[in-house]
Amino acid sequence: MAEVTFRSVSKQYDGDGPKAVDSLDLDIKDGEFMVLVGPSGCGKSTALRMIAGLEEVTDGELLIGDRLVNNVPPGDRDIAMVFQNYALYPHMTVRENISFALEVAKVKKAEIKARTEEAAEMLGLMDYLDRLPKALSGGQRQRVAMGRAIVRSPQVFLMDEPLSNLDAKLRVQMRSEIIQIQRRLDTTMVYVTHDQIEAMTMGHRVAVMRLGVLQQVADPQELYQRPANLFVAAFIGSPAMNLINVTLGGTAERPTASFAGHTLAIDPRAVERYPQVADRIGSSVVLGLRPEHFSIEGDFDLPADQTVEFEIDLAEAMGAEAHLHITLDVPVVELDGAPVIAEDGDDVSTSTTSVIARIDGIHFVRSGEVVKLGVKTHLAHFFDLDTGLPLN
């Protein structure tokens, strides 16, 4: 086991182009499950590949344990990597795929057999050792790829979106299995994904990246409850946090937030968490509300000035809960000249804002209906419109 340390690490493919990874400082602890997450092109896979030695470090220092590995060949780094596409040898059996690295290292046959079967037992593959990969399901193939990594007993495991090729049910199952394996092995694991649900459910800590820059690194609950900026607020959570351009009014003691003809009183507890709100009366800021911060009439005991009436564009019944989609006639919140939640190629209107409210599934709401919703403003978040930073 070993720590992995990035010290102002950058990666630039083109001398004049943008950096794929820009001055990354990150300490991954010994035995930690660290998840790197972000949209496509954020630099997470490049950072992982630099640990593996598959990409050269342009600037900075990369350490595994106390050893500087900038110029150490991949085979000498004592790491194991699990790829998105499994990368199994199709002509080899499961046993041969798992044991191949040990064969190359000329480990004794008895030890190869013992270590291969130990890994197969851990992964539930004992009954499949003599099968070829083509006879396995996607989940079983991914287990074989993991077994090939486990059998080497590396200092660090690297996983690059290993579940993206699996169906939804298998992804949930494999998430649980990977967590259990990491706990059992107690080995440092660095896991890359664009799926923030995977990130939130698997990582001891999660590092959120955007455009090559680390935005925040924290445990999942801190990311969710105390996002460092607008991007983290919008990216973490499913459905995402609602971000609404509002104008602050009222007084410093009793501020309000106005938007699209609605006015909400801001609970004093929110002002305690975001004290700059009291200094911004009369200015525009960003109000952040999680979908679960709404509740439908009959499920809340909130003052009238913390309720609003909305026309529901679309009501999605999802069993235990329902998602109510609402359109507000206010511009979407932007960051660096584009909608915060947009990725390259997205066609996003900037003239209206979409809001999702999550309510209990026992309520039957029809699309087009006007409903009264309570807003738990004591849980609200507030951000600066220009910097994207919280008003705390």
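Which residues are buried in α4? In this predicted model, the buried residues of α4 are Gly139, Gln140, Gln142, Arg143, Val144, Ala145, Met146, Gly147, Arg148, Ala149 and Ile150, and the views below begin with the whole chain before turning to this helix and its surroundings.

**Figure 1. Overview of the predicted protein chain.** The protein chain contains 9 helices and 23 strands, and its C-alpha atoms fill a box of roughly 75 × 50 × 35 Å when this is taken along the principal axes. Of the 392 residues in the chain, 50% are buried. Among contacts between residues at least 6 apart in sequence, 70% join residues that are at least 24 apart.

**Figure 2. Close-up of helix α4, which is mostly covered.** In this helix, 11 of the 13 residues are buried, including the charged residues Arg143 and Arg148 as well as Met146 and Ile150. The buried residues of α4 pack against strands β6 (79–82) and β7, and against helices α2 (94–104), α3 and α5. The 13 residues of α4 should span 18 Å at 1.5 Å a residue, and because the C-alpha atoms at its ends are 18 Å apart, the expected and modelled lengths agree.

**Figure 3. Close-up of helix α5, with a buried side and an exposed side.** The buried residues of this helix are Leu170, Met174, Arg175, Ile178, Ile179, Ile181 and Gln182; they cover an arc of only 170° around the axis, and therefore lie on the same side of α5. On the other side of the helix, Lys169, Arg183 and Arg184 are exposed. The partners against which the buried residues of α5 pack are strands β3 (33–37), β7 (156–160) and β8 (188–193), together with helices α3 (109–122), α4 (138–150) and α6 (196–202). Helix α5 comprises the 18 residues 168–185, for which a span of 26 Å is expected at 1.5 Å a residue, and its end C-alpha atoms are indeed 26 Å apart. Just after the helix, Asp186 takes a positive phi of about 55°.

**Figure 4. Close-up of the open sheet of 6 strands on which α5 packs.** The strands follow the order β6-β7-β8-β3-β9-β10, and their pairing is mixed. The edge strands, each of which pairs on one side only, are β6 and β10 (213–218). Neighbouring strands of this sheet are turned by 20° against each other on average, direction ignored. At the β6 edge, β6 and β7 pair in the parallel sense over 4 bridges, and Ile79 stands opposite Val156 in β7. Helix α5 touches β3, β7 and β8 of this sheet, and the direction of the helix makes about 160° with that of β8.

**Figure 5. Close-up of the largest nonpolar core and of Val208 within it.** This core holds 57 residues, of which Met146, Ile178, Tyr191, Val208 and Leu243 touch the most other members. Helix α8 (residues 230–235) gives the most to the core, with 6 residues. When neighbours within four places in sequence are left aside, Val208 is in contact with Val37, Val213, Leu214, Gln215, Gln216, Leu223, Phe231, Val232 and Ile236. A second, separate core of 34 residues includes Ile266, Val271, Tyr274 and Leu373.

**Figure 6. Close-up of the open sheet of 5 strands.** The order in this sheet is β13-β12-β11-β14-β23, and the pairing is antiparallel. Strands β13 (262–265) and β23 (381–383) form the edges, each pairing on one side only. On average, neighbouring strands here are turned by 40° against each other, direction ignored. Strand β11 (residues 242–250) runs antiparallel to strand β12 (residues 255–259) and is joined to it by 4 bridges; the bridge partner of Leu248 in β12 is Ala257.

**Figure 7. Close-up of Leu102 in helix α2.** Leu102 has a relative accessible area of 4% and is therefore buried, the cut-off being under 20%. Apart from neighbours within four places in sequence, the residues in contact with Leu102 are Val107, Ile112, Arg115 and Val151. Leu102 and Arg205 are 103 residues apart in sequence, and their C-alpha atoms are 32 Å apart in space.

Methods: Residues numbered from 1 in each chain as written. Predicted model: local features only at pLDDT ≥ 70, side-chain atom pairs only at ≥ 80, totals over all residues. Heavy atoms only, no water. Core = buried A, V, L, I, M, F, W, Y, C linked by side-chain atoms within 4.5 Å. Buried < 20%, exposed > 50% of the residue type's maximum accessible area, 1.4 Å probe, protein only. Helix = DSSP H or I, 4+ residues; strand = E, 2+ residues; numbered from the N terminus. Contact = heavy atoms within 4.5 Å. Pairing = 2+ DSSP bridges. Axes fitted to C-alpha atoms, helices over the stretch in contact; angles between N-to-C directions. Expected span 1.5 Å × (residues − 1). Arc of directions from axis to C-beta.
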